[in-house]
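Work through the exercises below with the structure open. Try each task before reading its solution.

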Amino acid sequence: RFSMLLYKSFTLKFLFYSIFIFEFILSKYVEIPAIYFEIQLFILYLFIILKTLRKKGIFNLFSIFLLTLALFSFMGIFISLFSDKVDYKDLSAHAITTERIPDNIFNESILVYIFFLITIYWSYNFFDKKNIRPESLLVKCNDISFNKFLYRVGRIVFWFSIIFTVYRSFLEFQLLRENRALLFMEGSANLGIPVFIRFMSTFLILGYYFIIASNPPKKIFILYSIFYFVPIIPSLMIGNRMLFAVYFLFLFWYLHKVYCQKFKTSLVLFWGCLIVILLQIIALMRDDIDSQFSIIGLITMFFVLQSTSFYLMPLYITYKDNLLYYHYPFIFDPLWGSVMGATGQSYEVLATRSGLGHQLIYTINPSYYLNGFSLGSSSVTELYEFGLLGVGLGAILFAWIINKIETMKINRYYLFFSFEIFYWIVSSPRNTYFFSLYNLMKLSLFAVFIYTFFYCLSLKKIKKNKC
């Protein structure tokens, strides 16, 4: 029976990839209506997300990844299938170019995403040996004890740095009112904010991570998670809604993963819709758009505007042979390009790094880029620089990583880096494929320094008490 199931599985995969290759080649020589591939993507995604939610539940990391993949890449396409008011091929609304995406390039982009989607789904199911349904899933909560030392360290660092963080937030609000584009261009690094203030405010993150690593009671975790929201506010007002959305998802995932907190689906959907409406209202206020929209209109607008990461694929296909300031493959920029130290959107970044969201957007519209506007990045588009082989291998590796993170035993290192890991995985459809090596090194070095410092202080205190 097992051999029969294996045979059927192999036959299904062989049949799908054969049809895919045929369609991929055919689309380059024959004009096929884009709606044909749009419907394929919609049906395939609907099947995969419903199958995954039924088997793994909504708080599984792979389920959340699939949801953000649609949010940042597909929702505009899906809405355009059911609404004549949304023309997803028209780029003029984003001011980056007045051109429309040609059908052949649009079709190729959708086919690449179909290939990525089915490959990562089958790969994840291959690595996930159990495949248990949520109703029969016995969630093993962590059995790590509450570490009072780590909690004290985190609490001291957190409250010591929060003053500097609030002051930095105030300065960024002022800069936002004066020149929003400058914040993007300079990356908040050269805007008159004292280096000492910027340096000290980063310790709030470390304090929060130490508190998480201590595995505190659930109420304490929720309390400090609310306080940690403070440094996110300026990013939200500037336009970085992804950070807020991912943080919101992280809280639900973490409470379920670590504390085995159960949530009603209706409650999650309610808060999700509320957050969506709030984020879109903030975006309209920030851009001084005085328009009346219904609740459905606000939700629709949010999903359409958030799915702009898909545009990077057709734009890359169109301009890949004419890229300016191209130094090395985009996929490697987070690994060594981030160590260069150049931030924001400037000629310095273009001269020293190779980021998809930098070089591509500058090539298409230099003034658009240098005025602080961007479409972000796209891990799938980065992989497509190496063709379908790169997309396939990247999907397999990413599926293995997600499954490994979900199934590995929880320890203090897991807790400490949980938000960084979660943010990297969940934001990857709109971000880079690899995590930032520079941020990981900086975070690790600071954490070791803080821990060593307080540990030495505690040893001195113990020796003094003995004397």
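**Exercise 1. Helix 2**

Compare the end-to-end reach of helix 2 (residues 34-56) with the span expected at 1.5 Å a residue.

Solution.
- Step 1. Helix 2 has 23 residues.
- Step 2. The expected span takes 1.5 Å times one less than the number of residues. For helix 2 that gives 33 Å.
- Step 3. From first C-alpha to last, helix 2 reaches 32 Å, close to the expected value.

The model is a predicted one.

Next, which residues of helix 2 are buried?

- Step 4. Apply the cut-off: buried means under 20% relative accessible area.
- Step 5. The buried residues are Ala34, Phe37, Glu38, Leu41, Leu44, Tyr45, Ile48, Ile49, Thr52, Lys55 and Lys56.
- Step 6. Look at the spacing in that list. An α-helix has 3.6 residues a turn, so residues three or four places apart point the same way.
- Step 7. Move just past the end of helix 2. Gly57 takes a positive phi there, about 90°.

**Exercise 2. Helix 3**

Describe helix 3 (residues 61-82) by its start, its span, its kink and its burial.

Solution.
- Step 1. Begin at the start of helix 3. A side-chain oxygen of Asn60 comes to within 2.8 Å of the backbone nitrogen of Phe62.
- Step 2. Check the span. The 22 residues should cover 32 Å at 1.5 Å a residue. The end C-alpha atoms are 29 Å apart, which agrees.
- Step 3. Find the bend. Helix 3 has a kink of about 70°, centred on Phe74.
- Step 4. Judge the cover. Of the 22 residues, 18 are buried, so helix 3 is largely enclosed by the rest of the structure.

**Exercise 3. A nonpolar patch**

Which residues make the nonpolar surface patch of about 630 Å²?

Solution.
- Step 1. The patch is made by Ile21, Phe22, Ile25, Leu26, Tyr29 and Val30.
- Step 2. Take Phe22 as one of them. Phe22 sits in helix 1 (residues 2-29).
- Step 3. Is Phe22 buried or exposed? Its relative accessible area is 54%. The cut-off for exposed is over 50%, so Phe22 is exposed.

**Exercise 4. Salt bridges**

How many salt bridges does the structure hold? Work through the pairs of Asp103, Glu406 and Asp333.

Solution.
- Step 1. The structure holds five salt bridges. Side chains of opposite charge can pair when their charged atoms come close.
- Step 2. Asp103 pairs with Lys89, with 2.5 Å between the closest N and O atoms. This pair links distant parts of the chain, 14 residues apart: Asp103 is in helix 4 (residues 103-127), and Lys89 is in the loop between helix 3 and helix 4.
- Step 3. Check the burial of this pair. Asp103 is partly exposed at 38% relative accessible area. Lys89 is buried at 13%.
- Step 4. Glu406 meets Lys257 at 3.4 Å, N to O. These two link distant parts of the chain, 149 residues apart: Glu406 is in helix 20 (residues 387-407), and Lys257 is in helix 11 (residues 241-259).
- Step 5. Glu406 is buried at 14% relative accessibility. Lys257 is buried at 13%.
- Step 6. Asp333 meets Arg353 at 2.8 Å, N to O. Asp333 lies in helix 15 (residues 333-337) and Arg353 in the loop between helix 16 (347-352) and helix 17 (356-364), so the pair ties together parts 20 residues apart in sequence.
- Step 7. Asp333 is buried at 4% relative accessibility. Arg353 is buried at 13%.

**Exercise 5. Positive phi outside glycine**

Where do Asn215 and Tyr325 lie? Give the phi and burial of each.

Solution.
- Step 1. Start with helix 8, which is mostly covered: 10 of its 11 residues are buried. Among them are Phe203, Leu206, Tyr209 and Ile212.
- Step 2. Asn215 follows helix 8. Its place is in the loop between helix 8 (203-213) and helix 9 (218-228).
- Step 3. Asn215 is not a glycine, yet its phi is positive, about 55°. Asn215 is buried at 8% relative accessibility.
- Step 4. Tyr325 lies in the loop between helix 14 (312-319) and helix 15.
- Step 5. Phi of Tyr325 is also positive, near 55°. Tyr325 is partly exposed at 35% relative accessibility.

Methods:
Residues are numbered from 1 along each chain as its sequence is written. This is a predicted model: local features need pLDDT of at least 70, side-chain atom pairs count only at pLDDT 80 or more; totals for chains, interfaces and linings use all residues. Side-chain values use heavy atoms; hydrogens and water are left out. Patches are made of residues with over 30% relative accessible area and no salt bridge: like charges are joined within 9 Å, nonpolar side chains (Val, Leu, Ile, Met, Phe, Trp, Tyr) within 5 Å. Accessible areas come from the Shrake-Rupley method with a 1.4 Å probe; for residues, only the protein chains shown count as cover. A salt bridge is a side-chain nitrogen of Lys or Arg within 4 Å of a carboxyl oxygen of Asp or Glu. Helices (H or I, at least four residues) and strands (E, at least two) are DSSP runs, numbered from the N terminus. Buried means under 20% relative accessible area, exposed over 50%, partly exposed in between (1.4 Å probe, protein chains only). The bend at a residue is the angle between axes fitted to the seven residues ending there and the seven starting there. A polar contact is a pair of N or O atoms within 3.5 Å; within protein, one must be able to donate a hydrogen and the other to accept it, and residues adjacent in sequence count only if both atoms are side-chain atoms.
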